[in-house]
Amino acid sequence: MAYDPTIGKEDAKIGDRLWFYNAGLGYSNETTSRNWKMKTFGQMMSDNGHSNRTIDILKIDIEYNEWVSLETIIREDSLRNVKQLMVEFHTMELLNRKPSSSRNYAYYWQILRGLDKLGFKTWHYLDTPSGFYRSIHTGKKLSCCANVYFVNTAFIS
């Protein structure tokens, strides 16, 4: 299944086992001011009759909104049947916002710690090449985007 409210396509079956939905992963079930339908992961699973099915891979790349969406996912406990989680994480610098603050980093850590407590352990990390910026504090080249791959240890025997 693929979800994306930003491209304006209608829901459709696009392959034998592949469906596209004109909706996005969000922290709540709502329609945004841009008229995008957003759903929590738990709601997506329920809508598709997958609440008790094993999901091999969940990929999330939603341009900084992964943090609030993951907060809801952790609270819903809707990852228990997901074997692998792939997330492209972004910091505030991605959107040319002010630099991430210590409060932002504490929030990021809270979410990552929540995933860890659910049994998701990092098994691969990769900076996104297009996501580099210079720190205003140190001048060092840093990444505001990284792909992090997690494995759910509940599925390891």
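**Two cysteines, one small sheet and E30**

C144 is buried, with a relative accessible area of 6%. I start there, and I should say at once that this is a predicted model. The other cysteine to look at is C145, which is also buried, at 4% relative accessibility.

Why is there no bond between the sulfurs of C144 and C145? The closest cysteine sulfur to that of C144 is the one in C145, and the distance is 3.5 Å. A disulfide needs the two sulfur atoms within 2.5 Å, so this pair is too far for a bond. Starting from C145 gives the matching result: its closest cysteine sulfur is in C144, at 3.5 Å. Across the whole structure, the search finds zero disulfides.

Next, the sheet. It is open, has three strands, and runs in the order β4-β6-β5 with mixed pairing. The edges are β4, residues 24-25, and β5, and each of these pairs on one side only. Strand β6 covers residues 37-39, and two bridges join β4 to β6, the two running parallel. For one bridge we can name the residues: L25 has K39 in β6 as its partner.

Last, E30. Where does E30 sit? Its place is in strand β5, residues 30-31. E30 is partly exposed, with a relative accessible area of 32%. Its side chain makes a polar contact with the side chain of S28, at 3.4 Å. Beyond its neighbours within four places in sequence, E30 is in contact with W36, K37 and M38. As for K117, it lies 87 residues from E30 along the chain, and their C-alpha atoms are separated by 28 Å.

Terms used: Residues numbered from 1 in each chain as written. Predicted model: local features only at pLDDT ≥ 70, side-chain atom pairs only at ≥ 80, totals over all residues. Heavy atoms only, no water. Helix = DSSP H or I, 4+ residues; strand = E, 2+ residues; numbered from the N terminus. Buried < 20%, exposed > 50% of the residue type's maximum accessible area, 1.4 Å probe, protein only. Contact = heavy atoms within 4.5 Å. Polar contact = N/O pair within 3.5 Å; in protein donor to acceptor, adjacent residues only side chain to side chain. Pairing = 2+ DSSP bridges.
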